[in-house]
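Student: I'm new to this one, so could you pick a single part and take me through it slowly? I'd like to see how the pieces around it fit together.

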Amino acid sequence: MPVACISKDERVDEAVKLLYKPDFPPEAIALLEKIAANLPGMIFQFRQQLDGSQLVLYVSSGSIALCELEPEIIQADWQILYQIIHPQDKISFTKSLGVAFATLQPWHWEGRIITKSGKIKWIQGACQLAAQDNGEILCDGLVTDITERKQTEEKLRASEARYQAILDAIPDLMFRMSRDGEYLDLKGESANLTLAKEEIVGKNMRDLLPSDIALIGQETITRTLDAGSLQTCEYQLPTPGGMRDYEARLVKSGPDEVLAIVRDITERKQAENSLRNLAQKFAKAFSCSPDPITISTLHEGRFIEVNDSFIRLSGYEPAEVIGHTALDLNIWFNESERPQLLHQLQTQGAIRNLEFAFRRKSGEVLTTLLSADVIDLDGVPCILAINHDITARKQAEAQMRLAAQRDRLLTETLVRIRSSLNLEEILQTTVTEVRQFLQADRVFIGLTECEFKAKTVAESVNPQYPSILGWTTEDKSYLQEFKTILSTHRIRVVEDINQITVSQKLQAHYQKFQTKATLAVPIMLGDELFGALIANQCSGPRHWQPIEIDLLLQLSEQLAIAIQQVQLYQELAQLNTNLEQQVEERTAQLQQKMQELGKLQQVKDVVLHTVAHDVKTSVMGNLMVLKNLLKNQGVEVTKAGEKANSAPCLIPVSSSIIDRMIQGNDRQLGMINCLLEIHSFMEQGVTLHRQQMKFSTLLESILVELQPLLEQNQATLKNLVSADLPSLLGDSTQLQRVLLNLFIYSLQNNPPGLSFCVRATVKAGMVHIQIEHNGVGISQLECDRFFDLYVRDPQAPCSTILGLKMYLCRQIIQAHGGEINVISQHQRGLKFSLTLPVAQ
């Protein structure tokens, strides 16, 4: 029977009420009226002045209850109200005020505020704006708390939505039918009907429905009228969209009438089928899961169902588990954990990845991750629990921790060995930390003092057991047996002393020191045996793990190195004693030689100054004579071989010869001065008279002095140095020497017509100066050695005196805190680069 809603007479309305009982309580409306009557508020008055500022004239005490602010605080700074407005409502607040002040219309606004205590309140603000004669705007208003109203509105909206949802859930079609199955009326969407309303009303369902369905409908109508209670039936009908499932709900609506509400339950049926399929899949997942899964009652913990993985993990048979609790089976390793787990389930509803100690039937304790949810099973609260066995992972993590501790111990031992020669301290620290790592009862080190003598030199032992420190033996057979064991196997692992066969002496040794298990490794370097590192367990037999064996093996190698290192140090100390005596003898000899060298240096200085002074005096005398001769007797020497009118002793000499002699003496004098200055620089350093200066000014003064030389060599100079460069701090005289030497070198070693270009820039607190020309270049080797002090090739373009001057240039620039170099530009001459610090 399609679903229908029949006409609105009283009997149908009562039937609908009987079915759905809609109830809209009027308390909400009364509550709103009560809130409106007792609404708290804040009365305020403020004035907007001509400059746009606001002055709060009055705020009522209602501000305390409304926004938790004293009236005085608001009057002092009304912006505090803007600060407590909810961030999402600030824009609407600002816009509403802007519109009100622009139009002088009454202001109304609703929004939220956040008080100092963190409460979120809904408020409603309203005010009247009145323009004053002086152009100011006076505002009188009221702000009220509408939080309860908003909450009530929200509840009403939720209630309306709930009831609307109920109404929407009413089946698509409703029919009013008589006892004999005649359709009296219907209501519903035409899209849900295969026939028009006119084709249904007045017809009997036997005329419209299949006979079997009509029979079911007639029987349900009869039961409904006879019993006077709600009756339901389900059936299927073919439709153009395929076979559909329907549910009919019938209720008595009159003496011989029923109201039938028919709902399409095809989707529900499909969902039920899906649930059944899902249940089957869950059952398969439950049984096939590699993780143990259990279902137990929440309160008692009694197992209702377990899967095969749980049986394998626990070691119990299904019959031993079902109907019993985990406490009965002794699965809880810590029984105190179960109340905590139940409390967490009851408060949170679920547990995820809780580490849990699980005891098997055999007594073995495993570590699992427990995840559990509370489920309802036929009205009984139950726990669905999944255990994931992480025992192997935890063991791996423990191994990793042990490996990390081992590596730390090895590293620290290696550092001690490398940083200390105190063998006693190294050995004692090692046994202490090894015993802590192994958790053994005793760890000690025995060293061989000679071929058949051994002694225990370091030990860490549990106070409950006897100490072996200081124990020594010279028993050759005992030592030989022990050496043979260590030399043959390189390691001795005994998990239970009673399970091995040893000599009586060694057995007596074990009994004396209560040894039950032992692990020994030799301390060897190459084939040389220094001793042994030994760990004992005295409380009982022990299984030595591979990582523990590996630790002792690696430590024994480091200890062998430490012992050998100390031995070498002792030998070195003896050699050092002998060496110190030899050093003292050699030192005395060296001191004697140094005194001799000092005397020789003194003699050299005397000779240098004496010879230089004499040569300089001689050269200067020659220069004076030659210059006077050239000046006073120019007539007689102008032409070679020509006799003078008087002074018959005159020798005819060409003026060019005298010029060359003067130039030669000038070069000798310059060279002598350079040598003396280099010697002074080497002995005392470069003396500078620093002062602030502008490089552009310095360069201009040099160019004035250099101009005749430039004209003589037909050279040109382009000055690109800016006058805005920062000042330098240096010795202007010395810097002039450097620049003049660079220009003179370039002019003397290039043909006429040379072009210079001078630039200067500032970078990183230094002035970078570049002097370049388009003359002849030099090789890279000459560039590299240009400012060095060395004996130059006689054929080199840079003469010895210029070489000395270039060396002095570098010393002067470096004394200023700068650098100087030269670069040969391919077919473009040379570029000199200087750096000088900027004055701070």
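Tutor: Let's start with Glu459 and Arg442, whose side chains meet in a salt bridge, N to O at 3.6 Å (a Lys or Arg side-chain nitrogen within 4 Å of a carboxyl oxygen of Asp or Glu). This is a predicted model, where local features need pLDDT of at least 70 and side-chain atom pairs count only at pLDDT 80 or more, while totals for chains, interfaces and linings use all residues. Residues are numbered from 1 along each chain as its sequence is written, and side-chain values use heavy atoms, leaving out hydrogens and water.

Where do Glu459 and Arg442 sit? Glu459 belongs to strand E17 (residues 453–461) and Arg442 to strand E16 (residues 442–450), so the bridge ties together parts 17 residues apart in sequence. Strands (E, at least two residues) and helices (H or I, at least four) are DSSP runs numbered from the N terminus. Glu459 has 9% relative accessibility and so counts as buried; Arg442, at 0%, is buried as well. Buried here is under 20% relative accessible area, exposed is over 50%, and partly exposed lies in between, with a 1.4 Å probe and protein chains only.

Now follow those two strands to an empty space. E16 and E17 each supply at least two residues to the lining of the largest cavity, and so do helix H17 (476–489), H18 and strand E21 (528–537). A cavity is a set of points on a 1 Å grid over the protein atoms alone where a 1.4 Å probe fits but cannot get out, and its lining residues have an atom within 4 Å of a point. Points are joined across faces, edges and corners, and the volume is the space filled by probe spheres set on them. This cavity holds about 330 Å³ of space. Its lining counts 24 residues, and the closest to the centre are Phe444, Trp471, Tyr478, Phe482 and Ile534. What classes make up that lining? There are 13 nonpolar, eight polar and three charged residues (nonpolar: Ala, Val, Leu, Ile, Met, Phe, Trp, Tyr, Cys and Pro; charged: Asp, Glu, Lys and Arg; polar: the others, Gly among them).

H18, one of the elements in that lining, deserves a closer look. This helix covers residues 504–512, and its buried residues are Leu506, His509 and Tyr510. Seen down the axis of H18, they fall within an arc of 100 degrees, so they line one face of the helix (the arc is that of the directions from the helix axis to the C-beta atoms). Turned away from that buried side is a face carrying the exposed residues Gln504, Gln511 and Lys512. After H18 comes Gln514, with a positive phi near 55 degrees.

For contrast, look elsewhere in the chain. The structure holds two cavities of 30 Å³ or more, and the second largest has a volume of about 40 Å³. Phe695, Leu735 and Leu834 are among the residues lining the second largest cavity. Helix H22 (695–712), helix H23 (732–748) and strand E28 (829–837) are the elements giving two or more residues to that lining, and H23 gives the most, with three. By class, the lining of this second largest cavity has nine nonpolar, no polar and no charged residues.

And the salt bridge we began with has company: the count comes to 27. One of them joins Glu257 and Arg176 at 3.1 Å, N to O, and both of these residues are buried.

Methods. On a 1 Å grid over the protein atoms alone, a cavity is a set of points where a 1.4 Å probe fits but cannot get out, and a pocket is an open set with protein on both sides within 12 Å along at least five of seven lines; lining residues have an atom within 4 Å of a point.
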